[in-house]
Each structure stands twice: as structure tokens, then as C-alpha cells.
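These are my notebook entries on one chain and its ligand, written up in the order in which I looked things up.

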Amino acid sequence: MPLTPAAVSIADGAVEIGGRPVLRGIDLTVGVGDFLALMGANGSGKSTLVRALVGLRPLSKGEVRLFDTPLDDFGTWHRIGFVPQRATAASGVPASVWEVVAAGRLTRRRLLRPLSRVDRAAIEEALEVVGLAHRRRDAVSHLSGGQQQRVLIARALAGEPELFFLDEPTAGVDLPNQQALAGALAALKARGATVVLVAHELGPLAPLVDRAVVMRDGRLAYDGAPLRDHEVHQSWFGEPHTHHHHPASPDHQDHAPRVTSPLDPPNGRQ
Ligand SMILES: Nc1ncnc2c1ncn2[C@@H]1O[C@H](COP(=O)(O)OP(=O)(O)OP(=O)(O)O)[C@@H](O)[C@H]1O
């Protein structure tokens, strides 16, 4: 028996898209309260894995369990929060920040009931946590991309999820917005929530991460202690390795982190 109960797990998972294998042999268990960073190169399968874990992408093989319940039998979706990749809150409809965040409460509300005081308090708290309470009346379309991303995170937070998936929440987001996001996720973590975060670079989120998983070509290439940027780069393109790194060990202290982006093509593979 594992010491910590599992928030989400996938066993021998595979996904095919258009007959092409995109994920293969995925075994991953995320314990309650874990903060996991899912890393890897473009196209390595991170988004597909997150989609499979929330039931948006069917498995061709294997099983997903949410809070120890097979995905098909899982019914308490208000426990799950999901912020998809490159989502835009602005869709031409001039929704206000408050309205978008309030929409996150829908899975908790009973049908056609007005928002309760508890609902309103949760919406307020979510706005506070992402630092957008003062913008509540503004049209989402008037906000910057980073602020829109925070609106979407607040929408997911308003549902008070226990298990939260975020797909590249920092992509294209400036540093102050990344720092605000780190604060929001730290609050969520302190509350005991489980977080699965897809990220190319962790930036201000790095101190929150307990565990890193690196994907390569539809498989898990590394699972262990959080990696530095240059180590992630090696895991993406080098030999798969699954042993635990000890970032404080002397052989790591001599290496300065790579200045180049992990998105750069590896040497000799252009
Ligand atoms: N809807 C789709 N139709 C066809 N192929 C897809 C689809 N979604 C993903 N793929 C393919 O599956 C593979 C994994 O894609 P996925 O988006 O999961 O990777 P990723 O690691 O999240 O990449 P990125 O960092 O670019 O988001 C890629 O080869 C991609 O082209």
C-alpha cells in the first residue's frame, strides 16, 4: 500500500491519435498533495497526457483512476480543476472578469439556483488569490494575455478543486504575472491541493515543485527530484534515466545552468 493516497494515476496508458501512437507505456501515480511538473520538448505528449488524465482523450490501452475511482465511474468533477493550454478567455463576447470566474462555480451549484453566499465568497477569494479583484468589472478582452490566463486560473480556483491540472500556464506570460501565478499556486498547495503543471520552464514556480516528470517521444523519460534547466534538456534528448538526482550534490554545483532555452534544438539534431 502506498503511504499517500493517489489523486490521479495511469497504468500502462497508451493513446493513439489518427492511428498514430502518441503515448505509450505510461505509468504514473500522483499522490494527494503532490506538486508535479510535467516537462519535455514540444510534441513529446504532455498535453495529451493531461487530457487523458481528465478524460478528454480516450486511452487505447491502460487505465486512469481519479481519487482511486476508474475514470468512467468518476462523478465528482467539482474536485477537478483544469486550465487548458493557450486558452483565451476573450471570445468576442464582452464577458466581465467576475462573470468568467463565477462560471467556475457552475459545477458546484445546483441547477438554476442563484449564487449562494458560499459561491460568492469562493469567487471573491479566487479573484483575490490571482490579484484581479480590482479588475472584476472589466471586460476580459481588455486584459493582457497574462491577466486573461489568471482569469482562467481564478475560474478553476473558484470551483475549489482538490486536483488541479494546468497546461503551460506561464507560456507567453510576463514575469509579474508568473509571480502572481506562483502566489496563487502556493496558496492552493498550502490548502493541500494536488497540482499537475505542464511547463517548459518553471521560473518563479520552481520552488513549489516537489517532483518532475520529463516526457520524451510519448514516454516518461525521467521521474524524480526537480531538475535544473540543463538537466531537463539532457533528459529530453539524451538517454532516458529514472534515478533520482540530488541537486545539492557536488557534481551539480559546478555546472552553471544553460543560458539557452530548452526549446533550442539539441546540438547535431537540427
Ligand atoms: N488533435 C491532434 N491531432 C493530431 N495529432 C495530435 C493532436 N494532438 C496531439 N497530436 C500529436 O501528438 C503528439 C503529442 O502532442 P502534445 O500536444 O501532447 O505534446 P506536448 O508535449 O504537449 O507539446 P507542446 O509542448 O507543443 O504542447 C504530437 O506529435 C502532436 O502532433
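**Entry 1: overall make-up**

I began with what the model is, and I note that it is a predicted one. I counted 7 helices and 10 strands in the chain, and of its 270 residues 40% count as buried. I then turned to the contacts with a separation of 6 or more, and found that residues 24 or more positions apart account for 68% of them.

**Entry 2: the ligand shell**

Which residues surround the ligand? I listed Ile17, Gly18, Val22, Gly40, Asn42, Gly43, Ser44, Gly45, Lys46, Ser47, Thr48 and Gln85. Sorted by character, this shell divides into 2 nonpolar residues, 9 polar ones and 1 charged one. I also asked which element gives the largest share of the shell, and it is helix H1, residues 46–53, with 3 residues.

**Entry 3: helix H1**

Since H1 contributes to the ligand shell, I looked at how enclosed this helix is. I found 7 of its 8 residues buried, so H1 is largely enclosed by the rest of the structure. The buried residues of H1 are Lys46, Ser47, Leu49, Val50, Arg51, Ala52 and Leu53, and I note that Lys46 and Ser47 also belong to the ligand shell. After H1 comes Gly55, with a positive phi near 85 degrees.

**Entry 4: the open sheet**

I next traced an open sheet of 4 strands, whose order is E2-E1-E4-E5 and whose pairing is antiparallel. Which strands form its edges? They are E2 (20–31) and E5, each of which pairs on one side only. H1 packs on this sheet, where it touches E1, E2 and E4, and its direction makes about 120 degrees with that of E1.

I then followed the pairings one by one:

- E1 and E2 run antiparallel and are joined by 8 bridges, and within this part of the sheet Gly13 stands opposite Ile26 in E2.
- E1, residues 6–17, pairs with E4, residues 61–66, in the antiparallel sense over 5 bridges, and here Ser9 stands opposite Arg65 in E4.
- E4 pairs with E5, residues 69–70, over 2 bridges, again in the antiparallel sense, and Arg65 stands opposite Pro70 in E5.

Arg65 therefore appears twice in my list, and I record it as a residue of E4 that stands opposite Ser9 and also opposite Pro70. The hairpin of E4 and E5 has 2 residues between the strands, and in it Phe67 takes a positive phi near 45 degrees.

**Entry 5: other positive phi values**

I looked for further residues of this kind. Asp12 is not a glycine and yet has a positive phi of about 50 degrees; its place is in strand E1. Is Asp12 buried or exposed? I have it as exposed, because 12 other C-beta atoms lie within 10 Å.

Asp217 likewise has a positive phi, near 50 degrees, in a residue other than glycine, but its setting is the loop between strand E9 (211–216) and strand E10 (219–224). With 16 C-beta neighbours inside 10 Å, Asp217 counts as partly exposed.

**Entry 6: the nonpolar core**

I then went to the largest nonpolar core, which has 70 residues, and asked which of them touch the most other members. They are Leu38, Val101, Ala126, Ala154 and Leu197. The largest share of this core, 7 residues, comes from helix H4, residues 145–158.

I took Val101 for a fuller look, and, leaving aside its neighbours within four places in sequence, I found it in contact with Ile123, Ala126, Leu127, Val151, Ala154, Arg155 and Ala158. Among these partners, Ala126 and Ala154 are themselves named with Val101 as residues that touch the most other core members.

**Entry 7: Thr194**

My last look-up was Thr194, which is found in strand E8, residues 194–198. Thr194 is buried, because 25 other C-beta atoms lie within 10 Å, and 20 or more are enough for that label. How far apart are Thr194 and Phe164 in sequence and in space? They are 30 residues apart in sequence and 6.1 Å apart in space, C-alpha to C-alpha. Leaving aside neighbours within four places in sequence, I found Thr194 in contact with Ala7, Val30, Val32, Gly33, Asp34, Glu162, Leu163 and Phe164.

Note on methods:
Residues are numbered from 1 along each chain as its sequence is written. This is a predicted model: local features need pLDDT of at least 70, side-chain atom pairs count only at pLDDT 80 or more; totals for chains, interfaces and linings use all residues. A residue is near a molecule or strand if its C-beta atom, placed from the backbone, lies within 6 Å of it. Ala, Val, Leu, Ile, Met, Phe, Trp, Tyr, Cys and Pro count as nonpolar, Asp, Glu, Lys and Arg as charged, and the others, Gly among them, as polar. Two strands pair if DSSP finds at least two bridges between them. A nonpolar core is a set of buried Ala, Val, Leu, Ile, Met, Phe, Trp, Tyr and Cys residues joined through C-beta atoms within 7 Å. Two residues are in contact if their C-beta atoms, placed from the backbone, lie within 7 Å. Axes are lines fitted to C-alpha atoms, for helices over the stretch in contact, and angles run from 0 to 180 degrees between N-to-C directions.
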